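Work through the exercises below with the sequence and the coordinates at hand. Each task is followed by its solution in steps.

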Amino acid sequence: MDLTKIRKDFPILSREIYGKPLVYFDNGATTQKPRCVVDAIVEEYYSVNANVHRGVHFLSQQATELHESSRETVRQFINARSTNEIIFTRGTTEAINLLAFCFGEEFMKEGDEVIISTMEHHSNIVPWQLLAARKGISIKVIPMNDKGELLLDEYENLFSDRTKIVSMTHISNVLGTINPIKEMIATAHAHGVPVLVDGAQSVPHLKIDVQELDADFFAFSAHKVYGPTGIGVLYGKEEWLNKLPPYQGGGEMIQSVSFEKTTFNELPFKFEAGTPDYIGTTGLAKALDYISAIGFDQIMEHDRELTTYAMHRLKEIEGMRILGEAEHKSSVISFLVGNIHHFDMGTLLDRLGIAVRTGHHCAEPLMRRLGIEGTVRASFGLYNTKQEIDSLVAGIERVRKMF
Ligand code: PLP
């Protein structure tokens, strides 16, 4: 991977923060954007912009073509069977809310169960709790060991004849654990239960093939994969999506409306009420093209190298405690050093130009399981380097000596 060339694609990386070169290690929260993504967005606003799907005029048709070709790019990227299976949402959070709502409406009643895991982001906990409050369903949680690996035997034991869906993360945004999702989907299917995969952290790092995984639903956000904010995807197998009721009502999602009765549009539009973020979808497609051109073999190799190097270097630091040492681990590293509060560490690293995230990372139940309040988290992207990891290690040492 030509890192010098890649870094040039991201103008923000040449910024200085407090007079120091920016070291951006907050990719788990959001990634930076390559120039081609921003250019595509600007270009569409300047020369194509018109509302999609409803216009007979040239610009509207051109905007519609761009929007729908972006759907095809997403389809190819995750290897869905059909563009009918690609629903545009505002992001992972909205995708999970959509599914929890629609699936819950159609298939769940009081006493039914959803299985989630200990390491879920709040966005894969709270929508199910809202459903629990509305319908009286219950939530079962897959436990994990101290390394941050889910206990698969316990997972198997959670299934009952009331289990209606499994909803779980592919990669933990705190521990970096890569869950054996294919195996876990097969287990659920053996019990006749569908699975929603939260792919927010996996799409930037792993080659996703929804057919190979046999995922029933798969959610991700563009902004975590070098695309724009405010746009994301819910993939769903067509046979499932056809059985679900709509999520929101409005334009686009209808076939015909009278005051007495409305009939709904076909897939994927049934789930896309209102004017879609058709400029966002162009940005998303550009981002996916960008990382596809680099290639996942290279991205995964780069991730592995950075993670191995960072784990090795960080462990040399006195008082270092790494949270999450799963055998299969992505490039997300959470840590604490001695008694230094995560917030102090993050604030002082920031003064050295190093952007890390601190806090509970929207995973408070996981923090409780770990017996801590928060961590410092460094998460890597395709433009990060070993020299930047050296800067992080030197920065932590400096902070440690201050305390
Ligand atoms: N799921 C995981 C595992 C995440 O890491 C995040 C964001 O950090 C989300 C869901 C929510 O993503 P978004 O805020 O883009 O909807």
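**Exercise 1. Cysteines.** State whether Cys-36 is buried, partly exposed or exposed.

Solution. Cys-36 has a relative accessible area of 27%. Buried means under 20% relative accessible area, exposed over 50%, and partly exposed in between, with a 1.4 Å probe and protein chains only. Cys-36 is therefore partly exposed. Cys-362, at 32%, is partly exposed as well. A search of the whole structure for disulfides (a pair of cysteine sulfur atoms within 2.5 Å) finds zero.

The model is predicted: local features need pLDDT of at least 70, side-chain atom pairs count only at pLDDT 80 or more, and totals for chains, interfaces and linings use all residues. Residues are numbered from 1 along each chain as its sequence is written, and side-chain values use heavy atoms, with hydrogens and water left out.

**Exercise 2. A helix pair.** Describe how helix α3 and helix α10 cross.

Solution. Two packed helices are described by the angle between their axes and the distance between the axes.

1. Helices (H or I, at least four residues) and strands (E, at least two) are DSSP runs, numbered from the N terminus.
2. Axes are lines fitted to C-alpha atoms, for helices over the stretch in contact, and angles run from 0 to 180 degrees between N-to-C directions.
3. The axes of α3 (residues 58-78) and α10 (residues 278-294) come within 8 Å and cross at roughly 35°.
4. The crossing is left-handed, that is, the near helix is turned anticlockwise from the far one by less than a right angle.
5. Contact (heavy atoms within 4.5 Å) involves, among others, Leu-66, Ser-70 and Phe-77 of α3 and Thr-282, Leu-288 and Ile-291 of α10.

**Exercise 3. One residue of α10.** Which residues does Thr-282 contact, leaving aside its neighbours within four places in sequence?

Solution. Thr-282 is found in helix α10. With 10% relative accessibility, Thr-282 counts as buried. Its contacts are Ala-40, Glu-44, Leu-66 and Ser-70.

**Exercise 4. A sheet.** Give the strand order of the open sheet of four strands.

Solution. The order is β13-β14-β17-β16, with antiparallel pairing; two strands pair if DSSP finds at least two bridges between them. At the edges are β13 (320-323) and β16 (357-359), each pairing on one side only. Neighbouring strands are turned by 30° against each other on average, direction ignored. Strands β14 (residues 332-337) and β17 (residues 375-379) pair over four bridges, and Val-332 has Ser-379 of β17 as its bridge partner. Helix α12 (residues 342-351) lies across β14, β16 and β17, at about 160° to β16.
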